[in-house]
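This report covers a metal site and a sheet with its packed helices. Please consult the sequence and structure shown here.

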Amino acid sequence: MDRIIRATAGDGMIKMAVLDARGMVQRAREIHGCSPTATAALGRTLCGASLLGEALKEEDASLTIRVNGGGPLGSVVAVSDSSGFVRGYVDNPRVDLPLRSDRKLDVGGAVGRDGLLTVSRDLGLKEPYISSTELRSGEIAEDLTAWLLESEQVPSACSLGVLVDTDTSVKAAGGFLVQLMPGADESLIGTLEDNIFLMDQLTTVLDEDGPEEVFRQVLRGLEYHIVAEVPVGYRCPCSAGRIKQALSVLDVKDLEEMADSENSTEVRCQFCAAEYIFTPADLREILISKTEKGPAE
Ligand code: ZN
């Protein structure tokens with residue numbers, strides 16, 4: 001089952017979270033019909049969103065990561081709620097690229113490196129907090145680490161991985177995030193860097209030994225304590241009511257056109273592919289409530 005486990009180490013100077021996310025990435029692949037490269041790109045972005053979203057303290061908050069690198073996949077978008085449950089999509093899920101010379105999926109090539117990684121946090125206030133960083137490699141984890149340092153001033157190490165099986169299903173997926181508290185000793189940084197450099201490939205560890213082994217390898221030589229474990233997964237909160245809300249912001253002219261048609265209008269949720277049908281009568285109802293409220297500002 002997908003979960004996030006949190007631990008502290010180095011007398012509270014290090015905070016670490018490990019995500020085991022095979023289920024959520026497999027679900028994303030099935031919903032969108034992703035190629036292996038798209039599965040990895042979207043999967044890594046979902047994993048990053050889940051790790052950051054679960055750390056939000058506000059209950060109804062959400063966090064969105066949007067990656068626009070100009071590559072053939074188009075935009076990659078992942079949204080997490082404050083429990084670490086995610087949803088997402090990629091513009092061109094069927095795009096695939098040949099493997100790189102090291103036999104790895106070419107996520108950076110498919111995402112592109114010419115653009116921005118943008119993180120938007122909606123904390124229930126009037127405006128969301130939005131900040132961006134220029135893409136480094138399009139490989140997602142490196143770009144997210146750069147965002148954490150530039151926008152949040154938090155020195156971090158982040159690894160995100162998706163292992164796609166030969167039958168194109170997801171064999172393993174997940175990530176970890178290690179953050180240093182202000183005032184952390186230089187020697188702690190050195191220990192972490194050495195451990196991360198020497199560790200086995202993340203998805204192999206998750207696949208063969210589970211998330212607990214990730215802590216053992218990254219925090220080798222340090223005393224650590226597990227402080228929390230929570231379930232996460234792929235979840236879309238869409239509903240007929242929410243889609244109706246979204247339709248009601250369309251132009252009156254467009255709504256009138258749909259309401260005058262003989263056919264019902266089908267709206268497909270971009271995150272989970274659920275289909276919602278609106279009859280001409282439904283659309284007229286939306287129009288009436290819209291015109292009663294008066295024109296939008
Ligand atoms: Zn949905």
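## Burial of Cys238

In this predicted model, Cys238 has a relative accessible area of 19%. The limit for a buried residue is under 20%, so Cys238 counts as buried.

## Zinc site

Cys238 is one of the protein donors of the zinc ion, binding through SG. The other donor atoms are SG of Cys236, SG of Cys269 and SG of Cys272. The donors lie 2.2 to 2.4 Å from the zinc ion. Along the chain, their spacing reads C-x1-C-x30-C-x2-C.

What is the arrangement of the four donor atoms around the zinc ion? The angles they subtend are 100 to 117°, and therefore the arrangement is tetrahedral.

## Sheet

An open sheet is built from five strands with antiparallel pairing, ordered E8-E9-E2-E1-E10. The edges are taken by strand E8 (156–164) and strand E10 (224–231). Each of these has a single partner strand, so one side of each lacks a neighbour in the sheet. From one strand to the next, the twist averages 10°.

Within the sheet, strand E2 (residues 14–20) is paired with strand E9 (residues 170–180) over seven bridges, in the antiparallel sense. Opposite Ile14 stands Leu180 in E9.

## Helices on the sheet

Helix H5 (residues 186–198) packs on the sheet and touches E2, E8 and E9. The direction of H5 makes about 165° with that of E9.

Helix H1 (residues 22–32) lies across E2, E8 and E9. H1 runs at about 125° to E9.

Definitions and conventions: Residues are numbered from 1 along each chain as its sequence is written. This is a predicted model: local features need pLDDT of at least 70, side-chain atom pairs count only at pLDDT 80 or more; totals for chains, interfaces and linings use all residues. Side-chain values use heavy atoms; hydrogens and water are left out. Two strands pair if DSSP finds at least two bridges between them. Helices (H or I, at least four residues) and strands (E, at least two) are DSSP runs, numbered from the N terminus. Axes are lines fitted to C-alpha atoms, for helices over the stretch in contact, and angles run from 0 to 180 degrees between N-to-C directions. Contact means heavy atoms within 4.5 Å. Donors are N, O and S atoms within 2.8 Å of the metal (3.2 Å for Na, K and Ca); water is not among the atoms, so sites may look incomplete. Four donors count as tetrahedral if all angles lie between 85 and 135 degrees; four count as square planar and six as octahedral if opposite donors are over 155 degrees apart and all others between 65 and 115; anything else is irregular. Buried means under 20% relative accessible area, exposed over 50%, partly exposed in between (1.4 Å probe, protein chains only).
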